[in-house]
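Hi,

Here is the structure I promised to pass on to you. Have a look at it first, and then read on for what turned up in it.

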Amino acid sequence: MVSSGSIDEAVSLVTSCILSAANNAISQPSSRLPRFPKPWWNEECQMAKKDQNKAWNWFRRYPTDNMIAFNNARARARKIHRQCKREWWIKYVSNITCSTSNKEVWNKICKLSGNYSASPVSMLVSNGVSINTIPEIANTLAETFAKMSSCDNYTPAFQALKRREERVKLNFSSSTEEGYNSPLTLLELRIALHRSEKTVSVVFSRKRGVFPNPELFIGRSLIKVVKEFKFLGLIFDQSLRFHRHLKDLKIRSAKALNILKVLANTRWGADRTSLLRLYRALIRSKLDYGSVVYSSACKSLLKILYPQYIIKA
C-alpha cells in the first residue's frame, strides 16, 4: 500500500486509513445535552406545553392577531407547572421522617429545580476491547466473577477432597450439649472484656485543678482514660457541660436549616405546612434527641442553639 511514492504520501495515506477506520468503528457522541426527567411532570403539564407550542406557532406566523392568545397560553402553562411542582413537593414532604438524610432531600430539591449533576461515563476494558454499555459491562463482570470462583481454579488434590466430602450427608440435628449451646461462663466474659479495645473511661468532675487519672483494669489490660466520649449519639465530657455536643449539634442543625433557606425563596416550596414538616423532621428531631440529658448545661452554652445563632453557623 505504501511501497511507491514519497514518505509524506505514505504517512498521509496511513493516517487517513486509521482515521477512517476509527470513524467507522467508534461511535460519535451526540452534541445535544440529555434531557433529564422531571419528577413533577404529568399529562396536564404535557397538554399545557402542547397548547403553548401551538399558540406560539400561530403567533410566529401571524403575530398581530395571536399575541394575546399566546400570552394566555404561556401564562396558563406556567401556572400549571408551578401548581404541579407544589403538589408533588407537598406529597413528598408528607413522607419525610426523622431518619431521612439531608442528602436525599437535597437531591429532590435539585431535581425539582432542574439541576442535575453530570454523571461520569462508565467504561470497562476486557482483553483489549473497550466496553461502554451497561448490559455488556454487567455480563463481562458476571463472566469474570464466575470464572474466578469456578472449581477449575482448585488444585486436583483439593477437587478430589471436595468431591469426597460432598458425598457425606450432613447431620443437622443438634443437642444442648454442643459448645455453642452452653451458657456463658464468667471466664468467657472476662476474656471477651479483656480483648475489647473500645472500652474507655471518663472521669466526671467539675473540680478545678490537676488530679491524677485512676488506673482501671479489665483483667490485666489497662482501660484508657479519655476527656470525652460519644455514647448513643451524645458526647459526654469530663465536666458534663456538653460544650462539644452542643457545638456539633449546632453544625448539623445549620446544614439542615440551609434546606429551609433555599425552599423559602421558591414558589413551589415556600408552603407553611411543608416548611414546618421539614423543620420538625430535619431540625427539631435532632434538637429533641437527648435534650433531657444535655439540658443540664448552662444557659450560655444552650444559647448557641437559638435560631439566630444557628443561622450564623
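Let me start with Gln 159: setting aside neighbours up to four places away in sequence, Gln 159 is in contact with Cys 151, Asp 152 and Tyr 154. Gln 159 sits in helix α6, residues 156-166. Please keep in mind throughout that this is a predicted model. Gln 159 has a relative accessibility of 21%, so it counts as partly exposed, given that buried means under 20%.

Thr 140 falls on the other side of that cut-off: its relative accessibility is 13%, and Thr 140 therefore counts as buried. You will find Thr 140 in helix α5, which covers residues 134-148. Which residues does Thr 140 touch, not counting those up to four places away in sequence? They are Leu 124, Ser 126 and Ile 131.

Now to the helix packing. Two packed helices are described by the angle between their axes and the distance between the axes. Helix α2 (residues 43-61) packs on α3 at an angle of about 160 degrees, and their axes are 8 Å apart. Because angles over 145 degrees count as roughly antiparallel, that label applies to α2 and α3. The two helices cross in the left-handed sense. On the α2 side the contact includes Glu 44, Cys 45, Ala 48, Asp 51 and Gln 52, as well as the aromatic-ring names you may want to display, Trp 56, Trp 58 and Phe 59. On the α3 side, the residues that meet them include Pro 63, Asn 66, Met 67, Phe 70, Ile 80, His 81 and Cys 84. Sorted by class, the contact of α2 with α3 has 14 nonpolar, three polar and six charged residues.

Helix α3 (residues 63-93) also meets helix α9 (residues 272-288): their axes come within 10 Å and cross at roughly 30 degrees. Angles under 35 degrees count as roughly parallel, which is why α3 is described as roughly parallel to α9. This crossing, too, is left-handed. From α3 the contact uses Trp 89, Ile 90 and Val 93, while α9 supplies Ser 274, Arg 277 and Leu 278. By class, that gives four nonpolar residues, one polar and one charged.

Next, the strands. How do β7 and β8 pair, parallel or antiparallel? Strand β7 (residues 228-231) and strand β8 (residues 234-237) are antiparallel, with four bridges between them. Phe 231 is placed opposite Leu 234 of β8. The hairpin of β7 and β8 has two residues between the strands, and Leu 232 there takes a positive phi near 55 degrees.

Two further residues with positive phi may interest you when you check the backbone. Leu 240 has phi near 55 degrees, a positive value in a residue other than glycine. Leu 240 lies in the loop between β8 and α8 (243-264). With a relative accessible area of 31%, Leu 240 is partly exposed.

Phe 242 is the other one, with a positive phi near 60 degrees, again in a residue other than glycine. Phe 242 also belongs to the loop between β8 and α8. Is Phe 242 buried or exposed? Its relative accessibility is 2%, so Phe 242 counts as buried.

Happy viewing, and best wishes!

Methods
Residues numbered from 1 in each chain as written. Predicted model: local features only at pLDDT ≥ 70, side-chain atom pairs only at ≥ 80, totals over all residues. Heavy atoms only, no water. Axes fitted to C-alpha atoms, helices over the stretch in contact; angles between N-to-C directions. Parallel < 35°, antiparallel > 145°, perpendicular 65-115°, else oblique. Left-handed = near helix turned anticlockwise from the far one by under 90°. Contact = heavy atoms within 4.5 Å. Nonpolar A, V, L, I, M, F, W, Y, C, P; charged D, E, K, R; others polar. Pairing = 2+ DSSP bridges. Buried < 20%, exposed > 50% of the residue type's maximum accessible area, 1.4 Å probe, protein only.
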